There are 2 protein chains.
Amino acid sequence: MSTTETPSGIYRYKAGDVVVTAVWDGFNPLALKDGFVRNATLPEIQDTLASQFLPRETLNITFTPLALQHGGKTVLIDTGFGKAGPGTAGRFLANLEAAGIAADTVTDIVFSHFHGDHVNGLRNAEGGLTFANAKLHAPRPEWDFWMDDARMEQATEAQRKPFEMLRRIFGGVQDQVNLFVWDDEVVPGVTALDAKGHTPGHTAFMIGSGVDRLLMISDVTNHPALFFTNPDWAASFDMDAHDARKTRHRVLDLAASERLRIAGYHLPFPATGYVERQGTGFRFAPAQWLYGA
Amino acid sequence: MSTTETPSGIYRYKAGDVVVTAVWDGFNPLALKDGFVRNATLPEIQDTLASQFLPRETLNITFTPLALQHGGKTVLIDTGFGKAGPGTAGRFLANLEAAGIAADTVTDIVFSHFHGDHVNGLRNAEGGLTFANAKLHAPRPEWDFWMDDARMEQATEAQRKPFEMLRRIFGGVQDQVNLFVWDDEVVPGVTALDAKGHTPGHTAFMIGSGVDRLLMISDVTNHPALFFTNPDWAASFDMDAHDARKTRHRVLDLAASERLRIAGYHLPFPATGYVERQGTGFRFAPAQWLYGA
């Protein structure tokens, strides 16, 4: 029915002086297959999901970019799938505008890494720039890996696809991208943190300051029902399983020890909460929805 | 900032053939005091909240009525606080209309019980009927308790307030209220269930049919961080602590045993999920946000 298409998926909260808006892009109902986790069997994955009231056959992977408003700037952390996404993805722009943030008022876009669900939204369906006035910021190790033409030339045809996709996305604007390194304050109130493993330049962010800091874990985990519960499991999406695992333990340990509020691109919407230790792993504790506080 | 006022708080899902829309009315930041739980000390309450990443001094009580669309009917379960609410409450009508449901298209309103946060929204700020075309349904034991003039006359002045409030709410329409009893199918797809204790006629509902049933627990618990964790704790809101406790165990046991999806008026928005046993009590497991499925 048409009413199911009512825009929904905006959640606003604060991290110190930074106003954070979590913006729902949609979800991909991924059919689970052997090999999705390199070091767990399909039945192990399914039992873990079922024990947490989730379906056995489908992993619903959700996508939630952030918009940050602070000091006159409007900063996006990632841009969603754009029009290229699977499942219901592609709602980011409509929800962002429903949240009162017009595309042409975005001043900065900070990319966590270069997977398609994070960068495709930079371009609209016609190939133009969705956010016409935004300055772009990307992790230097991510850029150096994917924009290395020699590496692309050595890749197999299947491996070449993400390299080619990124050349379409950044074509014509590559000279205007600010390349940052870990520990840089990329824009005021947003500091880049080493979270390598998922990709070579995968970056987390500390947002705000003081006790109200927000740790954006980006893709340190995919679905928490799998990878908080079993932080040693290696999703097929993780390019370097060893580094991704080390990063996951380090980041989740930090969040649990300091009781930091976190956000995460693939956490259940509104994609913010806390980390507690449970058994040999962790559990995601969603923050209570207090919209309008 | 004005952008914090963007309407938000709509979540749509299905229970069998019934389209369920959870609609956020807002929240009341209740200052915690000794006596809020009759059989727990303030430090015990505070430690329980803090262990679940919630504030120690304030219990944020949220309000989420449901709209059900099925077989040509649009049915509300409760109406929110209207304009009379504390905190941020009073957003139900605006969010309902944002969800594409105009007030004058509501065909039926089914009340779970007669506390102000559930019934005040029946009237608008001018005292008129908010939902001009809706047939009203109320639990007979609730009606018989509160609309008994002899009982009101015997009450102290403080005790009289809810009796007087209900006479304002139902004044002029009292002859048009359909009084139902437990186990009645109140409207197609919505069956009333005995959940007495919180109030004399407090009612839960089974919505939909088959494996996709939804158990609306209404106020069987207030905040799950307190009353799922400690189902024997008696909130000061529970008029009959003994019956409320028996009902809470019975309803949460049923949901846990049958792995039923539940909704609840005071569960964290979008106020739907599952019940698992944990220690000597229960834990609320929120359903994953899959808006647009």
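## Two copies related by an axis

In this predicted model, chain A can be superposed on chain B by a rotation of 180 degrees with 0.0 Å of shift along the axis, and the RMSD of that superposition is 0.0 Å. This is the relation of a two-fold axis. Within chain A, the C-alpha that lies nearest the axis belongs to A:Ser8, at 3.5 Å from it. The two copies use the same surface to meet each other, since 97% of the contact residues of chain A recur in chain B.

### Where the chains touch

To the contact between the chains, chain A contributes 33 residues and chain B contributes 32 residues. On the side of chain A that touches chain B, four strands, listed in the table below, each supply at least two residues.

| Strand of chain A | Residues | Supplied to the side that touches chain B |
|---|---|---|
| Strand 1 | 10–15 | at least two residues |
| Strand 3 | 26–31 | at least two residues |
| Strand 4 | 58–63 | at least two residues |
| Strand 16 | 281–286 | at least two residues |

Strand 1 of chain A gives the most to this side, with three residues. Sorted by class, the side of chain A that touches chain B has 18 nonpolar residues, 13 polar residues and two charged residues.

### A sheet that includes strand 1

Strand 1 of chain A also belongs to an open sheet of seven strands, whose order is 1-2-5-6-7-8-9 and whose pairing is mixed. At the edges of this sheet stand strand 1 and strand 9 (177–180) of chain A, each of which has a single partner strand, so one side of each is left without a neighbour in the sheet. On average, and with direction ignored, neighbouring strands of this sheet are turned by 25 degrees against each other.

Which sense of pairing joins strand 1 and strand 2 of chain A? Strand 1 pairs with strand 2 (residues 18–23) in the antiparallel sense, over six bridges. For A:Ile10, the bridge partner in strand 2 of chain A is A:Val23.

### Chain A as a whole

Chain A contains eight helices and 16 strands. Its radius of gyration is 18 Å, which is close to the 19 Å that the globule rule gives for 293 residues, so chain A is as compact as a globular protein of that length. Along its principal axes, the C-alpha trace of chain A spans about 55 × 45 × 45 Å. Of the 293 residues of chain A, 49% count as buried. Among the contacts in chain A with a separation of 6 or more, 67% are accounted for by residues 24 or more positions apart.

Methods. Residues numbered from 1 in each chain as written. Chains lettered and ligands numbered in written order. Predicted model: local features only at pLDDT ≥ 70, side-chain atom pairs only at ≥ 80, totals over all residues. Contact = placed C-beta atoms within 7 Å. Nonpolar A, V, L, I, M, F, W, Y, C, P; charged D, E, K, R; others polar. Least-squares fit on C-alpha atoms with pLDDT ≥ 70 in both. Pairing = 2+ DSSP bridges. Axes fitted to C-alpha atoms, helices over the stretch in contact; angles between N-to-C directions. Rg over C-alpha atoms; globule rule 2.2 N^0.38 Å. Buried ≥ 20, exposed ≤ 12 C-beta atoms within 10 Å, placed from the backbone.
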